[in-house]
Amino acid sequence: MKQGIHPDYHKITVVMTDGTKYDTFSTWGKEGEVLQLDVDPKTHPAWVGGVNLRKTGQMEKFQNKFGAFAAAAAKGAPKKEAAAAQPKKKEAAPKKEEAKAEKKAEE
């Protein structure tokens with residue numbers, strides 16, 4: 001390993017936003033310095049589950065762009081169900097088969 005090209009890895013103290021402290025090793029600052037965090041995993045919405053896509057505008061953007069596709073699919077679905085609910089064609093087919101079977105039996 002080359003000498004003199006790597007940063008100094010030393011012990012520092014990290015202070016969270018709620019005041020808790022812990023010691024860790026880092027290349028930040030100098031030995032024994034204190035790193036005061038403005039945002040940490042205990043308070044930032046990205047880590048605590050507070051990110052709401054509606055607040056970012058991305059969901060509205062998606063709905064505005066593709067909302068018409070969902071509406072068209074919803075309007076088309078009842079028509080298919082209504083057509084399937086009418087069993088007229090299905091009833092006609094067995095009658096024809098029965099009629100053919102009766103003709104064969106008569107012959």
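I looked up the side chain of H10 first and found that one of its polar atoms lies 3.1 Å from the backbone oxygen of G29. I then noted that a polar atom of that side chain also lies 2.9 Å from the backbone oxygen of W28. I remind myself that a polar contact is a pair of N or O atoms within 3.5 Å, where within protein one must be able to donate a hydrogen and the other to accept it, and residues adjacent in sequence count only if both atoms are side-chain atoms.

I should record that this is a predicted model, in which local features need pLDDT of at least 70 and side-chain atom pairs count only at pLDDT 80 or more, while totals for chains, interfaces and linings use all residues. Residues are numbered from 1 along each chain as its sequence is written, and side-chain values use heavy atoms, with hydrogens and water left out.

Is H10 buried or exposed? I count H10 as buried because its relative accessibility is 3%, the cut-off for buried being under 20% relative accessible area with a 1.4 Å probe and protein chains only. Leaving aside residues up to four places away in sequence, I listed T24, F25, S26, T27, W28, G29, K30 and E31 as touching H10, where contact means heavy atoms within 4.5 Å.

I placed H10 in strand β1, which covers residues 10-15. For the whole protein chain I noted four helices and three strands, in the order β-β-β-α-α-α-α along the sequence; helices (H or I, at least four residues) and strands (E, at least two) are DSSP runs, numbered from the N terminus. Of the 107 residues in the protein chain, 7% count as buried.

Methods
Buried means under 20% relative accessible area, exposed over 50%, partly exposed in between (1.4 Å probe, protein chains only).
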